[in-house]
Amino acid sequence: MWRAYNTCGQIFSGHGVVNHTVNFVEPPKHLPPIWVPAGRFSPECLDKQWEDALPPNMEPIRYHTQHIERSWRELKRVLTRCNCPRVSTSYIGEWMYRTNILNREGGIQQQFCRFMRDIGRAYPGIGYIPMTRDIEDCQCPEC
């Protein structure tokens with residue numbers, strides 16, 4: 001519960017904190033989970049224990065320090081290659097794309113095909129209209 005994390009909720013939606021002196025999962029397993037709008041988190045983040053008690057359009061999650069610390073360590077490793085704060089958002093975006101989209105595709109061949117499809121969506125070629133929507137507004141399952 002480092003004080004600097006208190007403002008992260010203003011920057012990142014769905015941000016939570018875990019008090020290490022109390023537990024490593026927030027809230028503890030014997031208490032109800034945190035309910036978030038459906039579709040915001042990947043299935044492996046959901047609390048399977050509460051799947052039967054789902055409110056409409058909501059999903060149960062728990063913030064788990066092992067997942068958070070591992071993700072932060074991987075991102076820091078990527079950011080060590082970034083020498084300029086102006087381009088750090090590009091490095092973070094690439095890391096998020098690789099982690100959240102490409103790595104879930106299976107083998108290298110499926111990852112390459114997915115990457116080429118996504119390039120085609122963003123840069124369709126001369127005479128075609130490129131993807132103009134923000135990922136936030138996109139309704140397709142890939143986004």
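Okay, let's start with one residue: Asp-118 is buried, with a relative accessible area of 13%. The cut-off for buried here is under 20%, so at 13% Asp-118 falls on the buried side. And before I go on, keep in mind that this is a predicted model.

So where does Asp-118 sit? It lies in helix H4. If you leave out the neighbours within four places in sequence, Asp-118 touches Tyr-97 and Ile-101.

Now, which partner does Asp-118 have in a salt bridge? That's Arg-121, with the closest N and O atoms 3.7 Å apart. The two are about one helical turn from each other, because they're three residues apart in H4. Arg-121 itself comes out at 30% relative accessibility, so that one counts as partly exposed. So we have a buried Asp-118 paired with a partly exposed Arg-121.

Let me zoom out to H4 as a whole. The helix runs over residues 108–122, which is 15 residues. At 1.5 Å a residue you'd expect a span of 21 Å, and the end C-alpha atoms are 21 Å apart, so that agrees.

Which residues of H4 are buried? Gln-111, Arg-114 and Asp-118. They sit on the same side of H4, because the arc they cover around the axis is only 65°. What do they pack against? Helix H3, residues 88–100. Turn to the face pointing away from that buried side, and you'll find Gln-109 and Phe-112, which are exposed.

Phe-112 shows up again on the surface. Together with Phe-115, Met-116, Ile-119 and Tyr-123, Phe-112 makes a nonpolar surface patch of about 540 Å². Take Met-116 from that patch: it's in H4 as well, and with 42% relative accessibility it counts as partly exposed.

Back to the charges. How many salt bridges does the structure hold? Five. I'll go through some of them, and we've already had Asp-118 with Arg-121.

Another one joins Arg-114 to Glu-105, and there the closest N and O atoms are 3.3 Å apart. Arg-114 is one of the buried residues of H4, and its relative accessibility is 6%, so it counts as buried. Its partner Glu-105 is at 26%, so that side is partly exposed. So here a buried Arg-114 meets a partly exposed Glu-105.

And these don't stand alone: Glu-105, Arg-114, Asp-118 and Arg-121 are linked in a network of salt bridges. If you want to pull that up on your own screen, Arg-114 and Asp-118 are the two from the buried set in H4.

Last one, over in helix H2, residues 65–79. Glu-74 and Arg-70 are both in there, four residues apart, so about one turn of the helix. Their side chains meet in a salt bridge, at 3.6 Å from N to O. Buried or partly exposed? Glu-74 has 23% relative accessibility, so it counts as partly exposed, and Arg-70, at 37%, is partly exposed too.

To wrap up: H4 has its buried residues, Gln-111, Arg-114 and Asp-118, packed against H3. Gln-109 and Phe-112 are exposed on the face turned away from them. And Arg-114 and Asp-118 are part of the salt-bridge network, along with Glu-105 and Arg-121.

Notes
Residues numbered from 1 in each chain as written. Predicted model: local features only at pLDDT ≥ 70, side-chain atom pairs only at ≥ 80, totals over all residues. Heavy atoms only, no water. Expected span 1.5 Å × (residues − 1). Buried < 20%, exposed > 50% of the residue type's maximum accessible area, 1.4 Å probe, protein only. Arc of directions from axis to C-beta. Contact = heavy atoms within 4.5 Å. Patch = residues over 30% accessible without salt bridge, like charges linked within 9 Å, V, L, I, M, F, W, Y side chains within 5 Å. Areas by Shrake-Rupley, 256 points an atom, 1.4 Å probe, with all protein chains shown as cover. Salt bridge = Lys/Arg side-chain N within 4 Å of Asp/Glu carboxyl O.
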